[in-house]
Amino acid sequence: MRFKTVVGIENEDNDVNVWKFHNPVDVRAGIGALERLPELVGQRDALLVAFPEAEPLGMVGRVRAMLGDRLVAVETDIRPNPDVRWLAPMYERLWREHGGARCVIALGGGSSIDAAKAMLTATPSGRFDELLDHLIDPKAAPLPADGPHRALIAIPTTAGTGSEVTPWATLWDAERSRKHSLHLPWTWPEAAIVDPSLMVSLPAGATLASGLDALSHALESLWNVHRNPVSSSLAADAARAIVATLPALLREPRRLDLREALAVAALQAGMAFSNTKTALAHSLSYDITLTHGTAHGIACSFSLPRVMRLAFGRDAALDAQLLAIFEATDADGAVAALERFLAALGVSTDPADYGIPPADWDARVEQALRGPRGRNFIKAYA
């Protein structure tokens, strides 16, 4: 299976009749798609950024066997929620020792792909702090557009983050209690390989969290001021597939057909939010992950029923899509169906279980709506 770029017409001046869908990533998807890696790398020297278990699971060995001496370095010390504290020395080492490598291969979940995206940018002096300065204030610390930036080939081993088809990476600075969103023209992956056979060994907890992350991407692409007919179609299909597939997959995690169905749904959700960006639920999630260590997929999905209730009544077409996804006849029924779905997976929808006192919830929502992700929510537009 191979997906190509879809391009529409650019949306300008709030013209509701003109819209754009754009995604430049060359996607190879399906069982056995990993075999396409050598042709995508070509003759370039490549770096591999992978999750720690990739070596004992034999995945690193497979990539080595495919690429031979084109694979010049392997980094597997990738931890959840990539932090600038350990990204900096890795970045500087890889540019110092392998500055001629023009390709980075990311193998793993969202953390591996985000960490790999941090390795792409060539700063003027080869120091990571120049990239960090740019993330803090792009105008004060510009980066050269024509630098010898690297290309990325993303190989997800989870079905959820969508990072393989988006230009964004979330980088954390736990010491200063903040996060950075990396987004540069060259952080779009050049190609993505989505091979469900790489996901069969994924533990139940990671399968759940990544699947719910994908559901959040799909729903947040729907109740979004930037939605368009293509993104909405992808998002609605993805949401329906995730609701139907994720519970069954958690019961039978070795079923390759279910892994493939979820991988395709996560890819569709990723392509959808690559155009819309995320919205209110994600905005609410970041502080919960930073202060409580809650897995990202759980942090951004537990609030979905509450956020969906806010979305209803803003747009008739959106209401119809949400009712169809959850097979409901009214907003209360759809919200209840989503709550039952999450409860059956063992996910609480009570903010208090994530360190948010009931009295603080409304204030957090209002604060999140004022943030860059919150302003994407359809309520902000209304």
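Author: Let's start with a term: a salt bridge is a side-chain nitrogen of Lys or Arg within 4 Å of a carboxyl oxygen of Asp or Glu. This is a predicted model, where local features need pLDDT of at least 70, side-chain atom pairs count only at pLDDT 80 or more, and totals for chains, interfaces and linings use all residues. Residues are numbered from 1 along each chain as its sequence is written, and side-chain values use heavy atoms, leaving out hydrogens and water.

Reader: Why is the pair Arg 255 and Asp 257 called a salt bridge?

Author: Their closest N and O atoms are 2.7 Å apart, and the cut-off is within 4 Å, so the pair qualifies.

Reader: What makes Asp 257 partly exposed?

Author: Its relative accessible area is 43%. Buried means under 20%, exposed over 50%, and partly exposed in between (1.4 Å probe, protein chains only), so Asp 257 falls in the middle class.

Reader: Which residue meets Glu 252 in a salt bridge?

Author: That is Arg 255, at 3.1 Å from N to O. Glu 252 is partly exposed at 38%, and Arg 255 is partly exposed at 32%.

Reader: How do you know that Arg 309 and Asp 332 form a salt bridge?

Author: The closest N and O atoms are 2.8 Å apart, which is within 4 Å, so the rule is met. Arg 309 lies in helix H11 (residues 304-311) and Asp 332 in helix H13 (residues 331-344), so the pair ties together parts 23 residues apart in sequence. Helices here are DSSP runs (H or I, at least four residues), numbered from the N terminus.

Reader: How many salt bridges does this rule give?

Author: The count comes to 17.

Notes:
Helices (H or I, at least four residues) and strands (E, at least two) are DSSP runs, numbered from the N terminus.
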